[in-house]
Amino acid sequence: MNFKQELFFLKKIINILIDPEEELFPKMEKSLSLILQKVRAKQGSIMLVEEKKKQANIVAATNKKLIGLNVEIVPETISGYVFSTGEPVYFKDVTKSKRFKHVVRNRNYKTSSLICVPLKRKKTVIGVINASDPEKKEYFSEHDFGLLKDYASMLSPLVENSYLLSQLKQRQAKLEQVSRHLAIKQRELLLASRERSELVQMVVHDFKSPLSAVISNLDLLKYLGLGEEQKHIVDTALDGAKKLLEMINEFLQIARLDAWKETKTELGPMNLLPVVERVVEEFRPLAEEKNIELIVQSAPEVEVYAEENLMYHLLQNLLSNAIKYTPKNGKVILGWKIRRSRRKSDKFPKFIIFYVEDNGKGIPKGHKELIFRRFKRLERDAKIQGTGIGLFICQRIVNMWDGKIWVEDVEPTGSRFCFTCYLTGEKNA
Ligand code: ADP
């Protein structure tokens with residue numbers, strides 16, 4: 001055979017072996033049939049070592065029944081011998097071999113001429129190619145043996161790659177199955193946890209009305225001419241009930257926040273001013289009770305990247321704190337300033353800094369970050385009703401739109417709570 005034909009043959013077989021779409025068995029079968037044609041053998045097989053090295057997998061065979069079988073590697077067989085020694089063997093007539101004369105009888109070969117060559121990665125045997133039953137002749141020649149050895153050494157890496165690729169595909173398929181299974185489980189768990197949290201929310205929500213009734217009754221009792229001792233008892237009960245109501249409200253806020261997160265509440269452009277006006281109007285009576293001046297200052301109309309409910313709860317918490325922790329006759333100012341984003345990772349070119357400023361006692365040094373933790377309260381405010389959850393919720397809300405929240409000092413006294421929020425489009429800035 002001339003060089004060109006040989007090249008053509010190799011190209012053909014390489015193309016088969018490197019085809020990523022083709023499955024392992026058809027690939028090996030096609031390669032085997034081409035190789036057997038070359039050495040003019042009627043029968044043959046390709047076996048590859050299994051991962052644990054004790055077995056070989058028959059990946060191609062002229063006898064189709066054998067394909068896919070795993071066989072023990074035992075040195076008493078010819079392929080077992082080649083697997084364990086890495087030496088190619090050629091028997092012009094195997095019945096003349098003392099060691100292997102039995103194999104022809106056992107395996108029902110039609111002739112007694114056999115070749116078995118190793119497929120190797122460096123010195124490690126990764127498989128073997130068997131050829132038997134020479135076509136139109138009685139025995140294989142040394143030339144056939146040489147050819148098979150050459151093909152085996154040239155094709156070894158490609159055969160191994162095909163094998164590894166198929167194992168990877170199998171593993172990938174298994175992983176995909178596992179991940180599908182996990183996704184289903186996760187969805188089930190999520191549903192279960194959502195159902196549970198909805199149930200808890202419902203129950204907690206149902207506490208609200210009887211508790212509100214208790215509070216108004218206790219309030220009423222105070223005006224029924226109670227003695228000093230009785231009044232004290234009623235006041236204590238009233239304080240406890242109010243605290244419980246506040247805790248329930250906070251709990252419901254957190255639960256709602258989790259629900260928003262779970263359902264992946266969509267953030268988007270929203271008009272800030274109407275939400276601010278709504279909250280300010282709601283708090284005005286409370287401010288007036290303490291004669292606190294409530295001022296909306298520097299408030300350009302803007303469209304921010306947020307969500308109305310979240311923004312509403314955030315502002316409610318900050319404003320309620322400002323009024324709660326500022327003494328009578330104080331002042332609370334709120335507003336927002338537009339700033340240009342500097343970081344490349346910023347979603348929008350501009351953002352706002354929203355501030356709620358009061359002239360209360362301020363937040364002492366060393367506590368400015370701590371107060372955003374869950375249940376964290378300043379000892380000095382123990383007598384003021386509170387749960388220590390409000391600012392924690394504020395931080396979680398601001399995190400949802402990748403914003404920041406912090407507190408700074410106001411001179412001569414007071415604190416300024418600030419948070420950022422991206423600007424989507426601005427009007428009359
Ligand atoms: P709560 O108000 O229910 O105690 P928060 O999480 O809203 O919980 O606040 C945590 C603590 O931070 C408060 O207990 C209070 O000590 C302090 N604090 C919050 N806002 C102010 C403020 N505007 N001025 C002074 N202290 C504040």
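Salt bridges make a good entry point to this predicted model, which holds 16 of them. As background, side chains of opposite charge can pair when their charged atoms come close. One of the pairs joins the side chains of Glu-29 and Lys-64, with an N to O distance of 3.1 Å. This pair ties together distant parts of the chain, its two residues being 35 residues apart. Glu-29 belongs to helix H2, which covers residues 24-39, while Lys-64 sits in the loop between strand S2 (55-61) and strand S3 (70-72). Glu-29 has a relative accessible area of 28% and is therefore partly exposed.

Two further pairs each bring together residues from separate accessibility classes. In the pair formed by Asp-93 and Lys-96, the closest N and O atoms are 3.5 Å apart. Asp-93 counts as buried because its relative accessibility is 15%, under the 20% limit for that class. Its partner Lys-96, in turn, is exposed, with a relative accessible area of 66%. The side chains of Arg-343 and Asp-346 also meet in a salt bridge, here at 2.7 Å from N to O. Arg-343 is partly exposed at 47% relative accessible area, whereas Asp-346, at 14%, counts as buried. Elsewhere, salt bridges that share partners join Glu-357, Glu-408 and Arg-416 into one network.

Attention now turns to the nonpolar residues, beginning with Val-59. This valine lies in strand S2, the strand that precedes the loop holding Lys-64. Val-59 has a relative accessible area of 0%, so it is classed as buried. Leaving aside neighbours within four places in sequence, Val-59 is in contact with Leu-24, Phe-25, Met-28, Ile-46, Leu-48 and Ile-67. Among these contacts, Leu-24, Phe-25 and Met-28 fall within the residue range of helix H2 (24-39), the helix that also carries Glu-29. A pair taken across the model gives a sense of scale: Val-59 and Leu-220 are 161 residues apart in sequence, and their C-alpha atoms are 89 Å apart in space.

A nonpolar patch on the surface offers a counterpoint to the buried Val-59. The patch is formed by Leu-199, Met-202, Val-203 and Phe-207, which together have about 390 Å² of accessible area. Val-203, one of its members, lies in helix H5, which spans residues 142-222. With a relative accessibility of 40%, Val-203 counts as partly exposed, because that class covers values between the 20% limit for buried residues and the 50% limit for exposed ones.

Note on methods
Residues are numbered from 1 along each chain as its sequence is written. This is a predicted model: local features need pLDDT of at least 70, side-chain atom pairs count only at pLDDT 80 or more; totals for chains, interfaces and linings use all residues. Side-chain values use heavy atoms; hydrogens and water are left out. Patches are made of residues with over 30% relative accessible area and no salt bridge: like charges are joined within 9 Å, nonpolar side chains (Val, Leu, Ile, Met, Phe, Trp, Tyr) within 5 Å. Accessible areas come from the Shrake-Rupley method with a 1.4 Å probe; for residues, only the protein chains shown count as cover. A salt bridge is a side-chain nitrogen of Lys or Arg within 4 Å of a carboxyl oxygen of Asp or Glu. Helices (H or I, at least four residues) and strands (E, at least two) are DSSP runs, numbered from the N terminus. Buried means under 20% relative accessible area, exposed over 50%, partly exposed in between (1.4 Å probe, protein chains only). Contact means heavy atoms within 4.5 Å.
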